[in-house]
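Colleague: Got a minute? I'd like to go through the charged pairs and the cysteines in this one.
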Amino acid sequence: MALEAHCAALPMEEVARLTFFAEGPDPRAVAQRLAPADLPLEDPDLRAQARALLCRRVLAALTDPALRSRLPAMRPGLRLLLDLPLAGLPGSRMVGGGRSGRATPIALLPLAALAEPRFPALAQGLAAAGWHTGFVSKDMEAAGLLVGGGYVLAAPPPAAPPALPPLGDAPRFIALGRDIPAWCRVPGQLWEVPA
């Protein structure tokens, strides 16, 4: 309950963070990620709970004009990468509304969603609403789980490229963090750049 109260009490301006991503060698931003704030919690279960709680607050703000203005200001025309809780999008309110420019937006789920019995229905629902499905991981160990699934993986990049070829108009890999190796800066890969 203490964690729930803490997450509920955070000012809306502190609930989310916005980061930007380039593709290929050009460092100009082509995508933006709206993610929950990263609370300094050591316990992984508490971190997961906090992520879910804050994701729900971000989604509620996106569908409420009065609260949306208190989120970080997103840039028009950039592909949207949006972190979601295990429950996915809030019903039909985000259908067609998640697009940012011409590129299909990417929903980033916690890796634990893969083990959820309802995940296939969740992925189908996201696709029907016009979203690619992706996962956020702290490392590349998850790469093997996603091969053949047609999903995007967002993680800190390893020194050598993973065996995940591009998938249509979605990257198969999104490099997170500031230590970006040269292999990430090619067409079909997104990599994090300073704001």
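Modeller: Sure. One cut-off before we start: buried means under 20% relative accessible area, exposed means over 50%, and partly exposed is in between. Also, this is a predicted model.

Colleague: Fine. How many salt bridges turn up in the whole structure?

Modeller: Six, from a search of the whole structure.

Colleague: Which residue does R70 meet in a salt bridge?

Modeller: E13. Their side chains come to 3.1 Å, N to O. The pair links distant parts of the chain, 57 residues apart. R70 is in the loop between helix 3 (65-68) and strand 3 (79-83). E13 is in the loop between helix 1 (2-9) and strand 1 (16-23).

Colleague: Is R70 buried or exposed?

Modeller: Neither. R70 has a relative accessible area of 34%, so it counts as partly exposed, in between the 20% and 50% limits.

Colleague: And what about E13?

Modeller: E13 is partly exposed too, at 46% relative accessibility.

Colleague: Next one. What does E116 pair with?

Modeller: R118. The closest N and O atoms of that salt bridge are 2.8 Å apart. E116 has a relative accessible area of 24%, which makes it partly exposed. R118 is partly exposed as well, at 43%.

Colleague: Which salt bridge involves R178?

Modeller: The one with E192. The side chains meet at 2.9 Å, N to O. R178 lies in the loop between strand 7 (173-175) and strand 8 (189-193), while E192 sits in strand 8 itself, so the pair ties together parts that are 14 residues apart in sequence.

Colleague: How accessible are R178 and E192?

Modeller: R178 is exposed, with a relative accessible area of 54%. E192 is buried, at 12%.

Colleague: Which residues are linked in a network of salt bridges?

Modeller: R33, R51 and D83.

Colleague: Remind me why such side chains pair at all?

Modeller: Opposite charges can pair when the charged atoms come close.

Colleague: Switching topic. How many disulfides does a search of the whole structure find?

Modeller: Zero.

Colleague: OK, then the cysteines on their own. Is C7 buried or exposed?

Modeller: C7 is buried, at 2% relative accessibility.

Colleague: And C184, buried or exposed?

Modeller: Buried. C184 has a relative accessible area of 0%.

Colleague: Good. Quick recap for my notes?

Modeller: Six salt bridges and zero disulfides. R70 with E13 links distant parts of the chain. R178 with E192 joins an exposed residue to a buried one. C7 and C184 are buried.

Note on methods:
Residues are numbered from 1 along each chain as its sequence is written. This is a predicted model: local features need pLDDT of at least 70, side-chain atom pairs count only at pLDDT 80 or more; totals for chains, interfaces and linings use all residues. Side-chain values use heavy atoms; hydrogens and water are left out. A salt bridge is a side-chain nitrogen of Lys or Arg within 4 Å of a carboxyl oxygen of Asp or Glu. Helices (H or I, at least four residues) and strands (E, at least two) are DSSP runs, numbered from the N terminus. Buried means under 20% relative accessible area, exposed over 50%, partly exposed in between (1.4 Å probe, protein chains only). A disulfide is a pair of cysteine sulfur atoms within 2.5 Å.
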